[in-house]
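This report goes through one protein model, from single residues to the chain as a whole. Please keep the sequence and the structure in view while reading.

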Amino acid sequence: MDGMGEMETTTGDRPARTVQEAVEQLRAALHEVGIILPSLRIDPVSGAHGDPYALVDLGRCNLGVASRLAAALRGAGGDA
């Protein structure tokens, strides 16, 4: 993968069933367009007790990554 170790990801059209699966799907989708968010993770506070509505912490990124992310969203037809 990207040097972070192999991890099984679930992709496709099916929505994530867990917050961990959502993070893995997002990480894989970002990787496909050349974007890595190093701080992407499950929010430790809301995810601590297995809350089904746990938050995904996207973390911080630099200007270059933010620009690539915006371009990828525009290219995917993301109308924000």
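## Val 33 and the loop after H1

Val 33 sits in the loop that runs between helix H1 (19-32) and strand E1 (41-42). The model is a predicted one. With a relative accessibility of 48%, Val 33 counts as partly exposed, because that class lies between the 20% limit for buried and the 50% limit for exposed.

Along the chain, Val 33 and Arg 68 are 35 residues apart, and their C-alpha atoms are separated by 8.7 Å.

## Nonpolar core

The largest nonpolar core has six residues: Val 23, Leu 30, Ile 35, Leu 37, Leu 40 and Val 65. When neighbours within four places in sequence are left aside, Leu 30 is in contact with Ile 35, Leu 37, Leu 40 and Leu 69. Among these partners, Ile 35, Leu 37 and Leu 40 are also listed in the core.

## Strand E1: Arg 41

Arg 41 belongs to strand E1. Its relative accessible area is 42%, so Arg 41 is partly exposed. In sequence, Arg 41 and Val 23 are 18 residues apart, while their C-alpha atoms are separated by 6.5 Å.

Not counting residues up to four places away in sequence, Arg 41 touches Val 23, Leu 55, Val 56 and Asp 57. Of these partners, Val 23 is a member of the largest nonpolar core, and Asp 57 is located in strand E2.

## Strand E2: Asp 57

Where Arg 41 lies in strand E1, Asp 57 has its place in strand E2. Asp 57 has a relative accessible area of 24% and is therefore partly exposed. Outside the residues up to four places away in sequence, Asp 57 touches Ser 39, Leu 40, Arg 41 and Asp 43. One of them, Leu 40, is part of the largest nonpolar core.

Asp 57 and Asp 43 are 5.1 Å apart from C-alpha to C-alpha, with their positions 14 residues apart in sequence as the stated separation. The side chain of Asp 57 also reaches the backbone nitrogen of Gly 59, at 2.9 Å.

## The loop between E1 and E2

Two residues of this loop are described here. Ser 46 lies in the loop between E1 and strand E2 (56-57), and Val 45 is found in the loop between E1 and E2 as well. Which of the classes, buried or exposed, does Ser 46 fall into? Ser 46 is buried, because its relative accessible area is 17% and the limit for buried is under 20%. Val 45, at 68% relative accessibility, counts as exposed.

A polar atom of the Ser 46 side chain lies 2.8 Å from the backbone nitrogen of Leu 55. Leaving out residues up to four places away in sequence, Ser 46 touches Asp 51, Ala 54 and Leu 55. Val 45 and Leu 55 are ten residues apart along the chain, and 8.6 Å separates their C-alpha atoms.

## Largest pocket

Rolling a probe the size of a water molecule over the atoms shows where empty space is left. The largest pocket holds about 150 Å³ of space. Ten residues line this pocket, and the closest to its centre are Thr 18, Val 19, Asp 51, Pro 52 and Ala 54. Asp 51 and Ala 54 are also among the residues that Ser 46 touches.

Sorted by class, the lining of the largest pocket comprises five nonpolar, three polar and two charged residues.

## The chain as a whole

The protein has two helices and two strands. Read along the sequence, they follow the pattern α-β-β-α.

Of the 80 residues in the protein, 18% count as buried. Ser 46 is one of the buried residues. Among contacts between residues at least 6 apart in sequence, 30% join residues at least 24 apart.

Notes:
Residues numbered from 1 in each chain as written. Predicted model: local features only at pLDDT ≥ 70, side-chain atom pairs only at ≥ 80, totals over all residues. Heavy atoms only, no water. Core = buried A, V, L, I, M, F, W, Y, C linked by side-chain atoms within 4.5 Å. Buried < 20%, exposed > 50% of the residue type's maximum accessible area, 1.4 Å probe, protein only. Contact = heavy atoms within 4.5 Å. Helix = DSSP H or I, 4+ residues; strand = E, 2+ residues; numbered from the N terminus. 1 Å grid on protein atoms, 1.4 Å probe; cavity = no way out; pocket = protein on both sides within 12 Å on 5 of 7 lines; lining within 4 Å. Points joined across faces, edges and corners; volume = space filled by probe spheres on them. Nonpolar A, V, L, I, M, F, W, Y, C, P; charged D, E, K, R; others polar. Polar contact = N/O pair within 3.5 Å; in protein donor to acceptor, adjacent residues only side chain to side chain.
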